[in-house]
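Here's a quick look at a domain boundary and a small sheet. Have the viewer open while you read.

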Amino acid sequence: MSKLLNISLLFGLMLLFACTERIDLDLENGDTKLVVEAFLTDQPDGRIVHITKTAPYYASGLTPAVEGATVSIVSENGQWTLSEVKPGEYALPDNFTAVAGFKYRLNIQLKEAIGGYTDYTAVTKMQPAAVVDSVKLEYDPDAFKGSYKFLWYMQDPVDSNNYLIKAYRNGQPLTDSLSTWSAFEDRYFNGNYTNGLVVMWLFENRGIKINKGDTLKVETGVITKGFTEYVGFMQQQLAPQNPLFSPPPANVEGNISHGALGYFVIYPVVSNLTIYQ
Amino acid sequence: MRKDQLRKVVERSWRSTFGFILLMILIIGVEGRVLAADLPGSEGANSGAIRYAVKGYISDALTGEMLIGATVYVDEIQSGATSNVYGFYSLSLPEGTYTVRYTFVGYTTVVKKITLSGGLNLNVAMEPSATQLGTVEIKGEEIVQDVKRAEMSVVKMDIKQVRTIPALMGEVDIIKALQLLPGVQVAAEGTNGFSVRGGGLDQNLILLDEATVYNASHFMGFFSVFNNDAIKDVQIYKGDIPASSGGRLSSLVDVRMKDGNLKKFSATGGIGTISSRLTIEGPILKDRTSFILSGRRTYADIFLPLSSDKSVRDNTLYFYDLNAKVQHEINEHNRIFVSGYFGRDVFENKFANMNFGNQTFTTRWNHLFSDKLFSNFTGIISKYDYSIGTPDGKANSFLWESSMKDYSFKGDFSWFPHPENTVRFGVSTVWHEFNPGYVRGTGESTVFKELRLPLAHALESAIYASHEVQFLGRFNLKYGLRLSVFQNVGKSTVYQYDNKYEVADSSVYGSGDFYKTFMRLEPRLALTYSLTESSSVKASYSRTSQYLQLAQNSTAGTPLDVWFSSSPNVKPQMADQVAVGYFRNFSSSEYEFSAEAYYKWMSNTLDFKDNADIFFNKYLESELRVGKSWSYGFELLLRRNSGKLTGWVGYTFSVARRQIDEINEGVAYKAPYDKPHNITVVASYAFSPRYQFSANWVYSTGAPVTFPTGRAIIGNEVVPVYTARNEYRMPDYHRLDVSFIIKRKQHPNMKWDWEWNFSIYNLYGRKNAWSIGFVEEEDNPGVTYAEKTYLFGMVPSVTFNFKF
C-alpha cells in the first residue's frame with residue numbers, strides 16, 4: 001500500500017522535472033556467487049529449479065548455468081531427485097506432491113565449489129491454498145495515465161496469510177518477471193472479505209492493451225512471509241534509484257545457505273478466469 | 001492521555017523539575033561565590049566598589065525591531081557586551097563617567113557619554129547607515145566577526161544578504177543559504193536536507209522562535225518552511241553548541257521571527273514564479289505593542305489545468321505558510337511575545353491524496369528580576385503531521401495518519417555581574433507524543449481494517465549552566481554543563497529481541513509508568529586567546545546527546561517522517577567534538593577570515609540493516625543496527641560584509657565514516673554525506689544603488705554511492721549484485737546561479753518601493769546526476785548501460801518584490 005503510493009504520488013512528481021542521459025561508468029567485478037531460483041508450486045508447470053552463477057554486471061545475455069549438480073528435495077512425505085533437463089535447469093519428477101503444512105528441504109551438491117562451498121541447502125513450508133471466489137478486470141482511465149486493475153473477491157482466513165498474484169491473458173503471461181508480480185500480506189484486511197480489493201495494476205503506458213473478449217487468468221498463490229519480504233525487497237532494489245525513497249542498494253538475503261542468492265519456496269496456486277467486457 | 005497517566009506524569013515531572021531547580025540554586029550559589037571572590041576583575045570581596053548596571057534594549061530606529069548581537073563597548077574599560085536575542089544588554093560598572101559605543105553592521109554607530117551614580121536604563125535606537133543594500137558603509141570599529149568571544153563554529157546569516165542569493169525558482173530560502181557555508185553538505189540536489197560536519201540529516205536541531213521544526217521542507221524538500229519576509233535572524237552552530245540547547249548531535253539552527261514594526265504600518269510582498277508572499281506589520285500601541293502577519297502560497301496548481309496531459313490537469317498541488325507574531329511591552333521589566341507558524345503541503349488527485357505540515361506556537365515572557373538578571377520563560381507547542389489516503393467509496397479506500405507533537409516549557413536566565421563575566425543557566429522540559437502510524441479503511445466499501453502502531457510518550461528534560469569569563473586581558477573562557485534526562489513513559493509494550501533480532505519476550509508498562517530513564521552529562525567548553533585586537537585562536541570541546549531520531553534509510557528522505565526515541569532497546573546517540581580555529585578580521589573589519597579544524601566521534605550511531613522494513617513496523621527497533629561513526633575535516637571561510645562587492649568564499653575538506661558490525665560486513669564505510677572537497681563562492685556586486693548582480697558557484701566531490709559488481713538472473717530480471725556499501729562516487733557536482741536585481745529609483749516622499757529580481761539557477765546547464773541507474777538497451781535486451789537522472793537544466797525565474 002505504502003509502496004504503491006510512494007511511487008505514484010511522489011516519484012511521479014519528481015519525473016515532471018527529471019531527464020535522463022546515458023553515461024560511461026566503469027564497474028569492478030566482485031566474487032562469483034551461486035544463484036538458486038527455486039520458485040516451485042504445486043502445479044505441473046512450476047517445477048523447475050534454476051541454478052546459475054553471477055557474472056560481471058555489464059556481461060550481456062544469460063548468466064552462466066551451473067551444470068552437473070546433484071539436486072534433491074526431502075520432506076515428511078518423500079524424497080525426490082531432480083534431473084537436469086537443460087544446462088542449469090533441474091526438474092522435479094512427476095510424482096512430486098506438495099502437502100500443506102509440510103516442510104521441504106532443498107539440497108544442492110555442486111561439482112565444483114562456488115563461493116567457497118559445494119553444498120547448499122534451504123527449507124520452506126507449504127501453505128494451505130487460497131479459496132478465491134472470483135476475479136474481475138476493470139479499466140481505470142485516471143490512475144497512472146490509464147491502467148487495468150484486477151479486483152479480487154475472497155474470504156481472507158483469520159490467521160495471517162501472504163499472497164502472490166500473477167496474471168495471464170489468453171494463456172500468455174502478463175507478469176513474466178519478478179518486478180511485475182504482486183506479493184503482499186493480509187495485515188491491513190486480515191479476516192475480512194476482500195470485496196474487489198485491487199491486487200494488481202497493469203499499466204497502459206508499459207504497452208499493455210487488453211481487448212474486449214480477452215480471457216484473463218489470475219493465479220493466487222499462498223506464500224510464506226519470508227518470500228513476501230524477499231519479493232518486496234527485490235522489487236524495491238530493482239526499482240529506479242532515487243535519493244528520496246531508495247534504501248541503500250544491497251543484496252536481498254534469501255533462504256539459501258552460505259549466502260547464495262535466490263530463494264526456495266513451494267506454494268499452492270489456484271486460478272480464476274474472467275473475460276474482459 | 002488518560003487522567004491517571006496525566007497525574008503521574010505531572011507528579012513525576014514536578015519532582016524532577018523541582019530537583020533541577022534545587023541543583024540549579026546550588027550551582028548558582030557556587031558560581032556566585034566564585035564570581036565574588038576569585039575571578040579577575042571582580043571587585044566584590046577586595047575593593048568594595050559598588051557596581052551599577054547600564055542596561056536596555058538596542059533597536060532599529062525606523063522599525064523598532066530589536067537588534068540581535070549588537071555590540072556595546074565601553075572605551076574606558078576596553079570591554080563590553082553584546083545584545084541578546086531579545087536585543088537586551090546589561091553592563092555592570094563602578095561609579096564614574098563612561099563613553100559607550102553601540103555598533104551593529106549596517107547601522108550608524110551611536111556614542112553615549114554617561115555618568116553613572118546609580119542604575120541606568122539606556123535604550124538605544126540605531127539608524128540604518130544606508131537603506132540601499134550592498135552600499136552599506138562600514139566603519140573601522142564595527143566588529144563583524146567577534147574574534148574575541150569564546151564562541152566558534154557559528155555563522156550568523158545576514159537576512160538581507162540571503163535575499164540577494166540567486167534561488168531555485170526565485171524562492172529565497174535561508175536553509176539553502178546555510179547549505180552554502182563550509183561544513184554544511186546538501187543531502188541531494190535541490191533538497192533542504194543537510195548534513196553538518198558528517199552528521200545525519202536528523203541531527204540538526206532547527207528552531208523557529210525556540211519551537212522545534214521537525215520537517216523544515218515543503219514539496220519534497222525543494223523549498224524550506226521559512227518565509228524570508230518573516231525572519232529576522234538566523235544562526236547556525238556547527239559545533240560548540242551553547243549549553244542552553246541540546247537534543248541533537250550535530251548542529252543548531254536558530255531562526256528568529258521578526259517582532260513586527262513598532263513605529264508604523266508597513267507591508268512587504270512579492271509575486272514570484274511559483275508563489276506569492278505578503279507580510280503586514282505595524283504597531284497596535286505605538287512603541288509598545290506590534291504585530292506581524294506573513295503568508296505565502298504557491299500557485300503551481302493554478303497552471304496545472306493548462307496542461308495538455310489529463311493526468312497532470314487533475315492534480316491539486318500547493319503549499320502555504322502563515323507566520324504570525326505579537327509583542328507587547330508591559331513595562332520596562334516585562335515583555336511578552338506570542339508567535340506561531342502554520343504550514344501545509346497539499347497534493348490531491350482522483351486517485352490519491354497527501355498532505356503534511358508543521359505547526360508551532362510559542363509564548364514568551366521576558367522578565368528582568370534585576371538590572372543584571374535577565375530571564376525568559378517560554379511555553380511551546382510544536383507539531384508535525386501527515387496523512388496519505390485514497391478517495392472513499394472503493395474497496396481500497398484508506399487513510400493513513402501519523403504525527404509528532406511536543407509540549408515544552410523553558411526557563412532561561414542570564415546574569416551580568418560584571419562586563420567580563422556572564423552566567424547563563426536554565427531548565428527545560430519537553431513532553432513528546434509520538435503517533436507513528438494509524439491506518440484505517442474509509443467509506444463503506446473498504447476492506448481495510450483499523451490498525452494503529454502504539455502511541456509512545458517521553459519526557460525530555462535538561463538543566464544547564466554556563467559561565468563566560470575574560471581573564472588576563474587576552475583570554476576568554478566559556479565553560480558549561482548540561483544535564484539532560486530522557487524518560488520513556490507508558491503505557492507501552494517493549495519487546496526484547498534475541499541475537500537474531502527476533503522477538504523473544506515483551507514487557508508491558510502501565511499508563512504513566514516511567515519505565516526507562518537515561519541521564520547524560522554534556523560538558524561544553526570554549527577558549528579564546530586574542531592574538532591582537534582583530535585576531536584570535538580558539539579551541540572548543542562539546543559533548544551532545546540525542547534521544548530522538550528519524551526512521552529513514554534513503555539519502556534525502558520524504559515527508560513521511562517517523563521519529564522514534566531512545567528506549568530500552570535504543571541507547572541515546574552521543575557525540576564528542578573538538579575544534580580549533582584561527583579567526584581574523586582585516587582591512588578595518590571589511591574582511592573576516594576563519595579557519596577551523598574539527599574531529600567528531602559519535603557513539604551508538606544508528607543505521608538500518610540492509611533491506612529494512614521501516615514502514616508501519618511495530619518491531620522497527622529490530623531493524624536497527626548500532627555502531628560508531630566519526631568525522632574530521634577543516635573549513636576555510638573568507639567573508640566580505642561591506643562595500644560594493646560582498647559575499648564569501650568557502651572551502652571544506654571533510655571525511656565521514658560509519659562502522660556498524662552487521663552492515664558492510666563490519667567494515668567502515670563512507671557516510672552518505674561524505675564529500676571530501678567542497679567549494680562555495682557567493683558574491684554580490686552593487687553597480688549602483690539601483691542595480692545589483694549576484695552569483696554563486698558551488699562545487700563538491702560526488703556523493704558516495706553503491707554500484708553493482710555483478711549480475712544475477714532471478715525471476716526473469718537482471719538483478720544487480722553488490723559487494724560493499726558506498727564504494728563508488730557520483731560524478732562531481734558543480735553549478736552556477738546568477739541573479740540581477742533592479743530597484744526603483746529612490747526619491748524622497750515616495751510612498752512605495754519595488755524591485756525586480758531575475759535569476760537563473762544552473763546557468764551553464766550542468767546535468768548534475770541526481771541518481772544513477774542501469775537500463776537495458778532497447779534493441780539489445782540483456783545489455784545494460786548506466787544512465788544518470790538529473791533534475792534541473794537551466795531554470796530561470798522572475799520575482800517582483802514590493803514594500804510600502
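Into which domains is chain B divided? They are domain 1 (50-129) and domain 2 (254-803), with bounds from an automatic or database domain assignment. This is a predicted model, where local features need pLDDT of at least 70, side-chain atom pairs count only at pLDDT 80 or more, and totals for chains, interfaces and linings use all residues. Residues are numbered from 1 along each chain as its sequence is written, while chains are lettered from A and ligands numbered from 1 in the order in which they are written.

Taken over C-alpha atoms, the centres of domain 1 and domain 2 of chain B sit 34 Å apart. Where they touch, 24 residues of domain 1 of chain B are in contact with 22 residues of domain 2 of chain B (contact: C-beta atoms, placed from the backbone, within 7 Å). On the domain 1 side, β1 (51-60), β3 and β4 (88-94) of chain B each give two or more residues, and β4(B) gives the most, with five residues. Strands here are DSSP runs of E, at least two residues long, numbered from the N terminus.

That side of domain 1 of chain B, the one touching domain 2 of chain B, splits up like this:

| Class | Residues |
|---|---|
| nonpolar (Ala, Val, Leu, Ile, Met, Phe, Trp, Tyr, Cys, Pro) | 13 |
| polar (the others, Gly among them) | nine |
| charged (Asp, Glu, Lys, Arg) | two |

Now the sheet. Four strands of chain B form an open, antiparallel sheet in the order β3-β2-β5-β6, pairing meaning that DSSP finds at least two bridges between two strands. Its edge strands are β3 (79-82) and β6 (110-116) of chain B. Further in, β2 (residues 71-74) and β5 (residues 96-103) of chain B pair over four bridges, and B:Val72 stands opposite B:Tyr102 in β5(B).

Conventions
Two residues are in contact if their C-beta atoms, placed from the backbone, lie within 7 Å.
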